[in-house]
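Trainee: Before I rely on the labels attached to a model, I would like to see how each one is justified. Could we go through some of them together?

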Amino acid sequence: MFTQPIKLINQTLNKKFNKPFNQIFTLFTHLFTEKAPKQSVYQIGNPILRQIAQPIADTSDREIQQLIDAMLVTLKESRGVGLAAPQIGKSLQLLIVASHPNQRYPHAPQMEPTAMINPQIISHSEETEKGWEGCLSVPMIRGLVPRYREIEVAYTDRYGDRQVAKLTDFVARIFQHEYDHLEGKVFLDRVESSLDLASEAEYHKLLQVSKVS
């Protein structure tokens, strides 16, 4: 029964063989930790969604690793494409980007869920574009939100490695949406007009119309 975990460890160590012990320990702990339970998502009106999230000092801390696992489970079971720690009641600088095609975003690109600790936007394009967004913390409402089309970001991954990446279009939009949560904002704060708002039901009608046309 240990075949699969051992295989995963071997694959991971092949990629991470030159890392310090604390990072190797992080890999082992999250591979063998029991599946985290789905967390309740805090809704707009809860004051934690308006707080500035605090930086994370130690990425290998067991509680941080458990928080990442809990966020991954919550995001998957909620069928979302992104989640920030404040949305499950932890005012910490941690977000997950997990683009994938679904009923709400049928043309979204596929990517592996990526945990980003202490993320930063290093630079961005001048060009912005409006696109539809929703939020697990703002149920039943969609809005057209202007976002930068391309951004360069830096973050620390769950293994303690510093990463720099260029994100474009929908993935860049997800990052900016979740990053706003770390600054105490929700997408409604970015909507330029109430005319750019729609109910979830009307949004899906618009999707059907766009498919036909």
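**Reasoning from values to labels**

Mentor: Let us begin with one pair of residues in this predicted model: Ile 121 stands opposite Val 153 in strand 6.

Trainee: What makes strand 3 and strand 6 a pair?

Mentor: Two strands count as paired if there are at least two bridges between them. Strand 3 and strand 6 (residues 150-156) are joined by five bridges and run antiparallel, so the criterion of at least two is met.

Trainee: How do you know that strand 2 and strand 3 pair as well?

Mentor: Strand 2 (residues 94-97) and strand 3 (residues 114-124) share four bridges in the antiparallel sense, and because at least two are required, they qualify. Within this pairing, Leu 94 has Ile 117 of strand 3 as its bridge partner.

Trainee: Why is the contact between Glu 200 and Arg 142 called a salt bridge?

Mentor: The label requires a side-chain nitrogen of Lys or Arg within 4 Å of a carboxyl oxygen of Asp or Glu. For Glu 200 and Arg 142 the closest N and O atoms are 3.0 Å apart, so the pair satisfies that limit. The two residues lie 58 residues apart, Glu 200 in helix 5 (residues 200-212) and Arg 142 in strand 5 (residues 138-148), and thus the salt bridge links distant parts of the chain.

Trainee: Are Glu 200 and Arg 142 buried or exposed, and how do you know?

Mentor: Buried means under 20% relative accessible area. Glu 200 has 14% and Arg 142 has 3%, so both are called buried.

Trainee: What makes Arg 149 and Asp 169 a salt bridge, and which accessibility label does each residue receive?

Mentor: Their closest N and O atoms are 2.8 Å apart, so the pair falls within the 4 Å limit. Arg 149 is in the loop between strand 5 and strand 6, whereas Asp 169 is in helix 4 (residues 169-182), 20 residues away. With relative accessible areas of 27% for Arg 149 and 38% for Asp 169, both are partly exposed, because that label covers values between 20% and 50%.

Trainee: How do you know that Lys 205 and Glu 202 are about one helical turn apart?

Mentor: They are three residues apart in helix 5, which means a separation of about one helical turn. Their side chains meet in a salt bridge at 3.1 Å, N to O, and Glu 202 is partly exposed at 39% relative accessibility.

Conventions:
Residues numbered from 1 in each chain as written. Predicted model: local features only at pLDDT ≥ 70, side-chain atom pairs only at ≥ 80, totals over all residues. Heavy atoms only, no water. Buried < 20%, exposed > 50% of the residue type's maximum accessible area, 1.4 Å probe, protein only.
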